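Me: Got a minute to walk me through this one? I'd like to start with the ligand.

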Amino acid sequence: MPSPFTEEHIHFRKTVRSFAEKELAPHIEEWERDELFPNWVFKRAGELGILGAHYPEAVGGSGGDFWFAVAKSEELTACRMAGVTMGLLVQADMATPVINDLGTPEQKAEFLTPAIRGEKIAALGVTEPDAGSDVSAIRTWARKDGDDYIVNGSKTYITNGTRADFVTLLVKTNPDAGAHGCSFIVVPTATKGFGVSKKLKKIGNHSSDTAELHFEDMRVPKRYLLGDENLGFMYLMQNFQSERIIGCTSAVAGVDRMLGDAVRYGRDRVVFGKPIIKREYWQQKFVDLYAKLEAGRALSYKGAESYNDDKYVRKEAVSMETVRIISMAKIFIGEAMTEISDQCLQFHGGAGYIEEFDVARAWRDQRLFRIGGGTTETLRYYVAKIMGF
Ligand SMILES: Cc1cc2nc3c(=O)[nH]c(=O)nc-3n(C[C@H](O)[C@H](O)[C@H](O)COP(=O)(O)OP(=O)(O)OC[C@H]3O[C@@H](n4cnc5c(N)ncnc54)[C@H](O)[C@@H]3O)c2cc1C
């Protein structure tokens, strides 16, 4: 596959990398300790054009294609805190694509444009305490009442959830219709009845906030419905594809950095009179790990190319073939990157288990990828269905 990246993408990459290395990475210790990166990060990313490079100019973006989103997801990992990368990717690629696809001009002006500028923080509210992999089982109910919905229920594991200005929320508008009764609404968090139940403590991605949310008789005007009522499940399946493929490209870039760090470490670390990277055992292992990394990258680029062709070239819905490729990419990358990151930690010996080495944080951060945005097992179940097994 010829490189999809043009001079413009490369220029954009440099902007994102410089932001990640110079403005974010110096704060690792503080933000990981505080379990929150500050809100100015969204604003600054917006000022630099990082959040909207792949959104149309009409809504405040730069009008670029999907490869800008890919470049951003890769270069942000240079901040070496997956929590920060995740918070920004939720803002740009997970909570807002559905508004860009379905929103009215008023909805875009109220939510999407300020999110692209980093002036409003966005969250995506899908998962519930009793419904994660099986999204159709969600119970948060938006009951119609005149010109409003009255929303009751809860969501959990919501990234950016403690400080979001709005949540792109999946609700049931017909509680008896399973997947056919779901709808998307956008909810400003200043609405009466909205609450953050608790901030969740995680084993990794410490610099990001993850929250449980509740809604009690929350009155949301019907004008905040995205697209058509009861088509939310279908919209979500479309939305998941950008989320998953961007997660893939980001995971591969993060693990690529881990491998580079490990090789450098292995040149200096002398054991039994020889640098460990000179041991044939590890040389063979690293060749295999790099092969898996490149296989993961190739599969993620195939998924990104398919997505770009569907959405940016043909300007159509995401095809089932694209869904299949992206799902397989996430399955493969989830497992392969977990194996690679674990070997990188092992290669460091005791140092791998000590906080001051980046590998410890990268290892625990990386583990989320097999779970968040659809677990490996659920995706296998979908792919089997698509392939008619
Ligand atoms: C740090 C973090 C951030 C997150 N951010 C967000 C967010 O911003 N917004 C949001 O909406 N959600 C978010 N999530 C939720 C995430 O997407 C879900 O955790 C994920 O989809 C899995 O759902 P679950 O946790 O309910 O697991 P469950 O559905 O309870 O799954 C439990 C186990 O069952 C397995 N399983 C499920 N179905 C099958 C099957 N058919 N065959 C075999 N095994 C199966 C799963 O693979 C898993 O191993 C986040 C999660 C985390 C941890």
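Reply: Sure. One bit of vocabulary before that: Ala, Val, Leu, Ile, Met, Phe, Trp, Tyr, Cys and Pro count as nonpolar, Asp, Glu, Lys and Arg as charged, and the others, Gly among them, as polar. Also keep in mind that this is a predicted model.

Me: OK, so by class, what does the shell around the ligand have?

Reply: Twelve polar residues, eight nonpolar and two charged.

Me: And which residues come nearest?

Reply: Out of 22 residues around the ligand, the nearest are V126, G132, S133, T375 and E377. The elements giving two or more residues to that shell are β1 (122–125), β3 (148–159) and α12 (376–386).

Me: Which domains does the shell draw at least three residues from?

Reply: Domain 2 (123–226) and domain 3 (232–386), with at least three from each.

Me: Switching topic. How many helices and strands in the chain?

Reply: Twelve helices and ten strands. The C-alpha trace spans about 80 × 45 × 40 Å along its principal axes.

Me: What radius of gyration does the chain have, against a compact globule?

Reply: The chain has 21 Å, which agrees with the value near 21 Å for a compact globule of 389 residues. As for burial, 48% of the 389 residues count as buried.

Me: Now the largest nonpolar core: which members touch the most others?

Reply: I185 and V187, in a core of 107 residues. Helix α8 (residues 232–268) gives the largest share of this core, 13 residues.

Me: What does V187 touch, leaving out residues up to four places away in sequence?

Reply: F166, V167, L169, F194, V220 and Y224.

Methods:
Residues numbered from 1 in each chain as written. Predicted model: local features only at pLDDT ≥ 70, side-chain atom pairs only at ≥ 80, totals over all residues. Near = placed C-beta within 6 Å. Helix = DSSP H or I, 4+ residues; strand = E, 2+ residues; numbered from the N terminus. Domains from an automatic or database assignment. Rg over C-alpha atoms; globule rule 2.2 N^0.38 Å. Buried ≥ 20, exposed ≤ 12 C-beta atoms within 10 Å, placed from the backbone. Core = buried A, V, L, I, M, F, W, Y, C linked by C-beta atoms within 7 Å. Contact = placed C-beta atoms within 7 Å.
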